[in-house]
2 protein chains.
Amino acid sequence: MNEPALGKGGYSGAMALGKDYATQECSIARALEVVGERWTLLVVRDALYGVRRYNDFLVHLGIPRAVLAARLQTLTEAGVLEKRPCADAPRRHEYVVTERGRALWPALRALGAWGLDTFGGTAPLRLFRHVACGTELGAAGECPACGGLVPVEDVEMLPGPGLDPEPSDPVSRALLAPRRLLQPLTTDPV
Amino acid sequence: MNEPALGKGGYSGAMALGKDYATQECSIARALEVVGERWTLLVVRDALYGVRRYNDFLVHLGIPRAVLAARLQTLTEAGVLEKRPCADAPRRHEYVVTERGRALWPALRALGAWGLDTFGGTAPLRLFRHVACGTELGAAGECPACGGLVPVEDVEMLPGPGLDPEPSDPVSRALLAPRRLLQPLTTDPV
DNA sequence: CAGGGCTGGTTCATTCATTGAACTTACTCC
DNA sequence: GGAGTAAGTTCAATGAATGAACCAGCCCTG
């Protein structure tokens, strides 16, 4: 009913009917139009964890191929990911998180923190630390010791006590080792 | 493929097939199973804004009645909302945010902040302030002056420069006035 | 240079969810 | 008794997700 004031910020991709929240004049609704579809936030999560290749997303998420292709395209058009040919192996593509995608980290972190202390019991699956000081991040992705939001690239991810130590897919296995966020994931050396 | 380790935290409602992320061993995925469906986060947002009644959600969201009923039920079963008869008018119900629902505020705030500076242009639609000191909240819902997460009930919401000053539905009109979050919304005195 | 494998998709039929309109039920007020 | 409100349910139609199968380009090997 209100005037929608659509996409002022560079993303004007026509959303398929029924996916937008036309009457909602609200930046949460704007965000959800891009990132609120099924699987989308998990794709972004994986991208922040360092996953870059189509097939890695595929096996790690267990998502239908068509849906993955659609989500990668939406995210690329929205400027959250950038698609580019892989430097060393020209037949491969990479989907790399942009600054815009990195800016989603606090939201993902907050959602994860909520999921953990709401449904997760006591054992976290992954721990996140500020590399500079080793302190574990707070629920908003901030460092309680340094007192500010930690840039994504300065976050170290470690396996928590609740994580399956022997996952079946190679991507999960690669994600068992402590690693920085955004650091490209390699599954090749099996 | 991994063992799912489902719902340890008091919510064991059977999710309809195809809504869960069965292979995802991750608290973000757990959160999204509850809160990741279409409309759900906007319902929670409205609940935090003070909306409590079925018909108010309905007119404000422009959501199909069946979907609203389903979302309210899911959220109630998940312990995010609590359904109870209205004290003064026994035929009415109220859906009130629980502590668990209030804990979603940082995530919603982070999503909204992302939506604003990604797609919103320059004019925010709503401003959020720490009541105690009047400072505008940071992107994670923290108070930059006091330096901590502001409890939801201490957040004041004000109309921003981008907000339509004459919305057509009574709920949007009631939300024009500065108000604290969680404060019950009244649309009766028209 | 034929064959096989890898990567990154597309196409398709089936199933599931969302939509909007119409209908229902219970209760109150006049 | 009739109208009105609150909070739904039911239904047919549409649209999206799923999983399996198919495809095309590139590279390596024999």
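## Empty spaces and one helix in a predicted two-chain model

By class, the residues that line the largest cavity of this predicted model are twelve nonpolar, four polar and four charged. That cavity holds about 140 Å³ of space, and among the 20 residues of its lining the closest to the centre are A:L32, A:G36, B:L32, B:V35 and B:G36. Two or more lining residues come from each of α1 (27-35) and α2 (40-49) of chain A, and likewise from α1 and α2 of chain B; the element that gives the most is α2(A), with three residues. Counting cavities of 30 Å³ or more, the model has two.

The largest pocket, in turn, encloses about 900 Å³ of space. Its lining is made up of 45 residues, of which A:A140, A:E142, A:L149, B:A140 and B:E142 lie closest to the centre. In chain A, the elements that give two or more residues to this lining are α5 (99-102), α6 (105-119), β4 (142-143) and β5 (148-149), and in chain B they are α5 (99-102), α6 (105-119), β4 (142-143) and β5 (148-149). By class, the pocket lining divides into 31 nonpolar, four polar and ten charged residues.

The table sets out the two spaces.

| Space | Volume | Lining residues by class |
|---|---|---|
| Largest cavity | about 140 Å³ | twelve nonpolar, four polar, four charged |
| Largest pocket | about 900 Å³ | 31 nonpolar, four polar, ten charged |

Apart from these spaces, one helix of chain B can be described in some detail. Helix α4 of chain B runs over residues 65-77, and because each residue should add 1.5 Å, its 13 residues are expected to span 18 Å, which agrees with the 18 Å between its end C-alpha atoms. Within α4(B), the residues B:L68, B:R71, B:L72, B:T74 and B:L75 are buried. These residues cover an arc of only 165 degrees around the axis, and therefore they lie on the same side of α4(B). The buried residues of the helix pack against several other parts of chain B, namely α1 (27-35), α2 (40-49), α3 (54-61), β1 (81-85) and β2 (93-97). On the face of α4(B) that is turned away from the buried side, by contrast, B:R65 and B:A66 are exposed. Just after the end of α4(B), the residue B:G79 adopts a positive phi of about 80 degrees.

Terms used
Residues numbered from 1 in each chain as written. Chains lettered and ligands numbered in written order. Predicted model: local features only at pLDDT ≥ 70, side-chain atom pairs only at ≥ 80, totals over all residues. Heavy atoms only, no water. 1 Å grid on protein atoms, 1.4 Å probe; cavity = no way out; pocket = protein on both sides within 12 Å on 5 of 7 lines; lining within 4 Å. Points joined across faces, edges and corners; volume = space filled by probe spheres on them. Helix = DSSP H or I, 4+ residues; strand = E, 2+ residues; numbered from the N terminus. Nonpolar A, V, L, I, M, F, W, Y, C, P; charged D, E, K, R; others polar. Expected span 1.5 Å × (residues − 1). Buried < 20%, exposed > 50% of the residue type's maximum accessible area, 1.4 Å probe, protein only. Arc of directions from axis to C-beta. Contact = heavy atoms within 4.5 Å.
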